Amino acid sequence: GKYQPRRRFDDAALAELCRVYWFPLYTYVRRRGHAKEEAEDLVQAFFARFLAKNYLQGLALSADDFGFY
C-alpha cells in the first residue's frame, strides 16, 4: 500500500500500547521458563516485529469504541 507517515498521536498510542502490554507479555514469557534477560529480549523482539509488520495499519477506533461519552 501507499506509505503514509504516522501522525504524532499515533506514536503516543503505540507507546501506550507497549507500556500497557510489556509487563503481561514479559510475565507470560518468564512463566514459560525463560531467564530474565532472555524474556526481556523476546518481548522486545515481539514488539519490534509487531511494529515492523504494521499490524495496526488501517485500525481506526473512536472514543465510543472504549465506552467514553
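## A walk through a two-helix chain

Of the 69 residues in this chain, 10% count as buried, where buried means under 20% relative accessible area, exposed means over 50%, and partly exposed is what falls in between (1.4 Å probe, protein chains only). Keep in mind that this is a predicted model: local features need pLDDT of at least 70, side-chain atom pairs count only at pLDDT 80 or more, and totals for chains, interfaces and linings use all residues. Residues are numbered from 1 along each chain as its sequence is written, and side-chain values use heavy atoms, with hydrogens and water left out.

The overall layout is quick to describe. The chain has two helices and zero strands; both kinds of element are DSSP runs, numbered from the N terminus, with helices being H or I over at least four residues and strands being E over at least two. About 6300 Å² of the chain is exposed, and carbon and sulfur atoms supply 56% of that area. Accessible areas here come from the Shrake-Rupley method with a 1.4 Å probe, and for residues only the protein chains shown count as cover.

Now for the inside. The largest nonpolar core has five residues: Tyr26, Val29, Ala39, Val43 and Phe47. Such a core is a set of buried Ala, Val, Leu, Ile, Met, Phe, Trp, Tyr and Cys residues joined through side-chain atoms within 4.5 Å. The elements giving two or more residues to this core are α1 (8–31) and α2 (36–52), and α2 gives the most, with three residues.

Tyr26 is a good place to pause. Leaving out residues up to four places away in sequence, Tyr26 touches Lys36, Ala39, Glu40 and Val43, a contact being heavy atoms within 4.5 Å. Tyr26 also belongs to an aromatic cluster with Trp22 and Phe23. And if you look across to Gln44, the C-alpha atoms of Gln44 and Tyr26 are 9.2 Å apart in space, with the two positions 18 residues apart in sequence numbering. Gln44 sits in helix α2 and counts as exposed because its relative accessible area is 56%.

What about the other rings? The structure holds four aromatic pairs. One of them joins Phe46 and Phe47 edge-to-face, at 5.4 Å centre to centre and 70° between the planes. For the bookkeeping, rings of Phe, Tyr and Trp (its six-membered ring) pair if their centres lie within 6.5 Å, and planes under 30 degrees apart count as stacked, over 60 as edge-to-face and the rest as tilted. The two partners sit in unlike surroundings: Phe47 is buried, with a relative accessible area of 8%, whereas Phe46 is partly exposed at 42%.

Next, the link between the helices. His34 lies in the loop between α1 and α2, and its relative accessibility of 27% makes it partly exposed. Setting aside residues up to four places away in sequence, His34 touches Val29, Ala39 and Leu42; Val29 and Ala39 are among the core residues. The side chain of His34 also makes a polar contact of 3.2 Å with that of Glu38. A polar contact is a pair of N or O atoms within 3.5 Å; within protein, one must be able to donate a hydrogen and the other to accept it, and residues adjacent in sequence count only if both atoms are side-chain atoms.

Last come the charged pairs. The structure holds two salt bridges, each being a side-chain nitrogen of Lys or Arg within 4 Å of a carboxyl oxygen of Asp or Glu. Arg19 and Glu16 meet at 2.7 Å, N to O. They are three residues apart in helix α1, so about one helical turn separates them. Arg19 is exposed at 56% relative accessibility, while Glu16 is partly exposed at 38%. The other bridge joins Glu40 and Lys36 at 2.8 Å, N to O, and these two are four residues apart in helix α2, about one turn. Glu40 is partly exposed at 26%, and so is Lys36 at 41%. Both Glu40 and Lys36 touch Tyr26 as well, which brings us back to the core, where Tyr26 is one of the five residues.
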